[in-house]
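Biologist: I would like to go through some labels and hear what each rests on. Please show me the model.

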Amino acid sequence: MSSTIASILEETRIFEPQQNQHANIGSLDEYHTLRRCFSDDFDATWRDLAREHLDWRAPFTRVLNRERAPFFSWFEDGKLNLSENCLDRHIAAGSGDRTAIIWESEAGEVRRISYVELLADVCRAANAMRELGIESGDRVVIYMPMIPEAAIAMLACTRIGAIHSVVFGAFSANALRERIEDAEAKLVITADGGGRRGGVHALKPKVDDALSGGCHCIQHVLVVRHAGNEVGKTAGRDIDWHDALKVQPDSCEALTVDSEHPLFILYTSGSTGKPKGILHSTAGYLLWARLTMQWVFDFQPETDVFWCTADVGWITGHTYSVYGPLACGGTTLMYEGVPTYPDPGRLWKICAEHGVTVFYTAPTAIRALIKAGDEWPNQHDLSNLRVLGTVGEPINPEAWMWYHNVIGKGRCPIVDTWWQTETGGHMIAPLPFATSTTPGSATLPLPGIDAAIVDEQGKLVTDSGGLLVIRQPWPSMLRGIWNDDARYVDTYWKKFNNTFYFAGDGARCDDNGFFWIMGRVDDVLNVSGHRLGTMEIESALVSHDSVAEAAVVGRPDDIKGEAICAFVVLKAAWNEALVDALRAHVAKEIGAIAKPDDIRFADSLPKTRSGKIMRRLLRDIAAGRDITSDISTLEDQSVIEKLQRSGQG
């Protein structure tokens with residue numbers, strides 16, 4: 001157990017919510033009333049919320065179909081279009097001049113895009129895609145920096161029924177190729193590059209590299225001219241985004257799709273080497289994005305400026321940078337750059353200059369900014385902030401208190417949110433003006449979410465830690481893994497005989513009923529709030545000519561939450577250059593985010609007599625802990641001492 005988790009377990013401070021008569025959910029009584037509605041009539045409550053919060057072209061006839069569990073379907077026979085719900089409906093209601101997106105570049109350029117302007121751009125992009133032969137159900141890969149065109153491309157796909165798959169721009173060409181081929185995409189939308197740390201992070205060259213190794217499904221590449229770096233052009237395949245859009249009309253009839261029409265595929269790491277293509281559908285995902293914006297952030301679209309710092313390449317950016325705020329008709333802020341450039345005050349400067357009221361970021365960023373010193377936030381007027389949020393991993397109490405005192409000045413409630421790519425939106429989180437909070441706890445499940453902690457046999461546990469499960473389906477749940485139904489069942493449902501959704505996280509409840517998330521129980525690391533499969537990193541290491549075998553585990557890290565520690569067995573003699581060479585190789589195969597922080601070289605790895613690597617021992621060694629667990633099944637016990645003495649890079 002890490003020191004961070006240990007300190008969380010001992011946390012007892014409670015902060016009572018402020019009174020706010022204008023809040024969407026303004027008291028704990030309102031919260032419990034809504035939860036009782038779900039308990040009394042689950043389907044009817046979802047029915048009423050879906051009718052109230054979404055615009056339907058044809059009404060649904062059935063709320064939830066459980067007949068093919070765990071392949072659930074929601075709002076059957078309902079027809080709608082997501083882009084209409086995010087754009088047209090607000091313009092029709094008279095909010096067309098409201099700012100939809102505020103964008104700021106690392107260099108300080110600012111764009112403000114109204115709902116009318118955003119709809120026009122989305123329509124032009126949708127028309128351009130249709131002209132390129134993209135039809136409903138086709139897959140489109142989006143590999144972009146954090147610029148408005150990324151959101152425009154996503155919304156354009158929804159306008160014509162295409163299924164988008166956004167790939168994080170820091171992923172390598174090999175990782176991009178793997179995702180393109182798994183989705184069998186017909187189109188890639190990318191940019192020449194993006195601004196990062198005062199330089200240019202090239203993207204189009206990585207697309208060229210990915211496509212040169214295969215990806216015969218790709219017919220065209222749309223390229224946004226953004227960073228001004230030189231890029232090659234393949235005749236007949238590559239098309240300039242701006243040239244394509246300027247000849248298109250600014251209106252495009254939105255395609256009516258079924259409520260269960262696939263909306264997007266988002267690849268996330270698993271405990272095996274191949275990333276999982278998490279599939280989300282349209283109506284249920286959009287409903288939950290809208291509801292959680294209102295409940296968890298108390299989002300007020302007429303007055304709030306909302307900033308989620310996550311990249312659109314992750315689910316947090318999908319739901320809370322793009323779809324959630326726009327579904328509510330509010331203003332979302334996008335920033336292309338890093339939090340500490342040109343100095344550690346950049347985030348707070350942006351908050352002050354754009355009047356950000358609701359701010360949502362990762363504990364990793366908070367911890368890094370704490371180290372920079374209080375003088376940076378203290379230089380800026382943060383008085384507009386009213387709600388603060390955290391995402392990606394449990395926040396340690398020390399960081400929570402700094403966030404509360406230094407950024408929120410003791411007056412902003414903090415919503416510590418637990419959810420996953422698979423869940424589509426928040427599952428366990430405080431409601432800012434209804435729920436008491438304790439530093440480090442995600443507190444209570446949201447209305448409609450039946451979360452519980454069980455033992456290995458599925459029995460409820462109340463006095464100790466266990467496995468986090470969801471016992472009832474919810475509208476924004478994943479609909480499967482792209483082209484792999486068996487893996488979907490095996491990963492999330494098989495453990496408890498298709499009865500509970502297994503989240504893969506450990507958790508416990510305290511005496512107040514608050515949930516404490518203890519971290520992954522499978523071979524998935526949580527590095528700076530991003531999930532990385534150990535098998536992916538191991539596969540990348542072993543693909544290097546010098547490596548015979550590799551095992552990857554996480555160790556506690558004060559900034560990242562978890563750091564990546566690799567244990568490597570070489571084919572030949574060790575040399576000092578191998579450390580940098582292996583890190584660079586992993587970055588090439590997966591992306592810089594997956595580079596090992598530590599590399600330890602050894603003659604062999606600890607294995608049972610049946611040949612299974614004993615990863616729990618490696619985790620103890622990586623963390624510098626004493627080995628206290630049973631090693632009787634270890635084939636060669638001398639390996640432990642050798643690894644503890646092994647060289648580290």
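**Labels and their cut-offs**

Biologist: Why is there no bond between the sulfur of Cys215 and the closest cysteine sulfur?

Modeller: The closest cysteine sulfur is in Cys217, 5.7 Å from that of Cys215, which is too far for a bond; a disulfide needs a pair of cysteine sulfur atoms within 2.5 Å. Cys252 is in no disulfide either, as the nearest cysteine sulfur, that of Cys123, is 5.4 Å away. The search of the whole structure finds zero disulfides.

Biologist: What are these values based on?

Modeller: This is a predicted model, where local features need pLDDT of at least 70, side-chain atom pairs count only at pLDDT 80 or more, and totals for chains, interfaces and linings use all residues. Residues are numbered from 1 along each chain as its sequence is written, and side-chain values use heavy atoms, leaving out hydrogens and water.

Biologist: What makes Cys215 buried?

Modeller: Its relative accessible area is 4%, and buried means under 20% (exposed is over 50%, partly exposed in between; 1.4 Å probe, protein chains only). Cys252, with 6%, is buried too.

Biologist: Why is helix α11 described as largely enclosed by the rest of the structure?

Modeller: Because 14 of the 14 residues of α11 (residues 315–328) are buried. Helices are DSSP runs of H or I with at least four residues, numbered from the N terminus.

Biologist: Why is α3 called roughly perpendicular to α10?

Modeller: The axes of α3 (residues 42–53) and α10 (residues 282–296) come within 10 Å and cross at roughly 90°. That makes α3 roughly perpendicular to α10, the label for 65 to 115 degrees. Axes are lines fitted to C-alpha atoms over the stretch in contact, with angles from 0 to 180 degrees between N-to-C directions.

Notes. Helices (H or I, at least four residues) and strands (E, at least two) are DSSP runs, numbered from the N terminus. Angles under 35 degrees count as roughly parallel, over 145 as roughly antiparallel, 65 to 115 as roughly perpendicular and the rest as oblique.
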